[in-house]
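Here are my notes for you as a newcomer to this one. Have a look at the model, then go through the points in order.

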Amino acid sequence: MSIFQCKDYWTTSVGKNEEFDCNGVCVGNIDNDKNKSTKIAISSFEGNLRIFEPTFGEFKLEHCLLDKNMGEPIYQISLGNIVINSNDKQMIILYKKRLQVIQFYDLKSTATNKVCFEHKLPRSGFNFCLGKIGDKGHDIIFVQSVDGVISIIEQDSVVNNIELYEMI
């Protein structure tokens, strides 16, 4: 007998015949709800972005706050504080040749969003990471391309492109 017990908190099935990746999931207060309720975002290589607000028990239709096709394959999503002088979280979405930062508002009723900024990538993107550097109050995005170039993006500008094979 174990002292631990496993229970399903919430479960649903999405996207028949869709392909998903571990980089296509993020969890957090995506729309900066005042109640700080946690939501789950799921993206697919077919370009679908879905945002859920689960509650304990069976799946209900009202758990799905957003189901939108973004028009092209989504490689990775994440939440971060990208916009300078803002405490709100934004969603970063990586596509093949662009990076988009979107602010979601009030997903429970109006489900509005605003594209904060977008960057065209000179090379095909592969993945990204983000985080604070130094004493800056916002996150910096590091996008890795398929051929090993790292683009450093701060707010609405590409700060630098580093070719990794030149460093060796």
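1. A term to have ready before we start: a residue is called buried when its relative accessible area is under 20%, exposed when that area is over 50%, and partly exposed in between. Please also keep in mind that this is a predicted model.

2. Let's begin with the overall build. The chain has 12 strands and one helix. Reading from the N terminus, the order is β-β-β-β-β-β-β-β-β-β-β-β-α, so the helix follows the strands. The C-alpha trace spans about 55 × 40 × 35 Å along its principal axes.

3. Next, some whole-chain numbers. There are 168 residues, and 42% of them count as buried. If you take the contacts with a separation of 6 or more, 43% of them are between residues 24 or more positions apart. The exposed surface comes to about 10,100 Å², with carbon and sulfur atoms supplying 52% of that. As for charge, the chain carries 18 positive and 22 negative charges, and the mean positions of the two sets are 3 Å apart.

4. Now the inside. The largest nonpolar core has 17 residues, and the ones touching the most other members are Ile30, Leu49, Ile77, Met91, Ile93 and Phe104. Two or more residues of this core come from each of strand E3 (48–52), strand E4 (64–69), strand E5 (76–80), strand E6 (90–94) and strand E7 (98–105). Another core, of 11 residues, lies apart from it, and Leu99, Phe117, Leu121 and Phe128 are among its members.

5. Ile77 is a good residue to click on. Leaving out neighbours within four places in sequence, its contacts include the core residues Leu49, Met91 and Ile93. Ile77 also touches Asn23, Gly24, Val25 and Cys26, as well as Ala41, Ile42 and Ser43. Phe128 is on the contact list of Ile77 too, although Phe128 belongs to the other core.

6. That brings us to Phe128 itself, which sits in strand E9. Is it buried or exposed? Phe128 has a relative accessible area of 7%, so it counts as buried. Beyond four places in sequence, Phe128 is in contact with Gln76, Ile77 and Ser78, with Ile92, Leu94 and Leu99, and with Ile141, Phe142 and Val143. Phe128 and Ile150 are 22 residues apart in sequence, with 8.8 Å between their C-alpha atoms.

7. What about Cys129, also in strand E9 (residues 125–131)? At 45% relative accessibility, Cys129 counts as partly exposed. Not counting residues up to four places away in sequence, Cys129 touches Ile140, Ile141 and Phe142. Gln76 is 53 residues from Cys129 in sequence, while the C-alpha to C-alpha distance is 9.8 Å.

8. How many disulfides does a search of the whole structure find? The count is zero. Cys116 is in no disulfide, and its nearest cysteine sulfur, that of Cys26, is 14 Å away. The cut-off for a disulfide is 2.5 Å between sulfur atoms, so at 14 Å the sulfurs of Cys116 and Cys26 do not make a pair. Cys129 is in no disulfide either, with the sulfur of Cys22 as the nearest cysteine sulfur at 14 Å. Cys116 is partly exposed because its relative accessible area of 25% falls between the two limits in point 1.

9. Have a look at Ser44 as well. Ser44 lies in the loop between strand E2 (39–43) and E3, yet it is buried, with a relative accessible area of 1%. Setting aside residues up to four places away in sequence, Ser44 touches Glu18, Glu19 and Phe20, along with Pro73 and Ile74.

10. Last, two backbone angles to check. Most residues other than glycine have a negative phi. Asn85, in the loop between E5 and E6, has a positive phi of about 60° without being a glycine. Asn85 counts as exposed, at 82% relative accessibility. Asp106, in the loop between E7 and strand E8 (112–120), has a positive phi near 45°. At 38% relative accessibility, Asp106 counts as partly exposed.

Definitions and conventions. Residues are numbered from 1 along each chain as its sequence is written. This is a predicted model: local features need pLDDT of at least 70, side-chain atom pairs count only at pLDDT 80 or more; totals for chains, interfaces and linings use all residues. Side-chain values use heavy atoms; hydrogens and water are left out. Helices (H or I, at least four residues) and strands (E, at least two) are DSSP runs, numbered from the N terminus. Buried means under 20% relative accessible area, exposed over 50%, partly exposed in between (1.4 Å probe, protein chains only). Contact means heavy atoms within 4.5 Å. Accessible areas come from the Shrake-Rupley method with a 1.4 Å probe; for residues, only the protein chains shown count as cover. Lys and Arg count as positive and Asp and Glu as negative; His and the chain ends are not counted. The place of a charge is taken as NZ of Lys, CZ of Arg, CG of Asp or CD of Glu. A nonpolar core is a set of buried Ala, Val, Leu, Ile, Met, Phe, Trp, Tyr and Cys residues joined through side-chain atoms within 4.5 Å.
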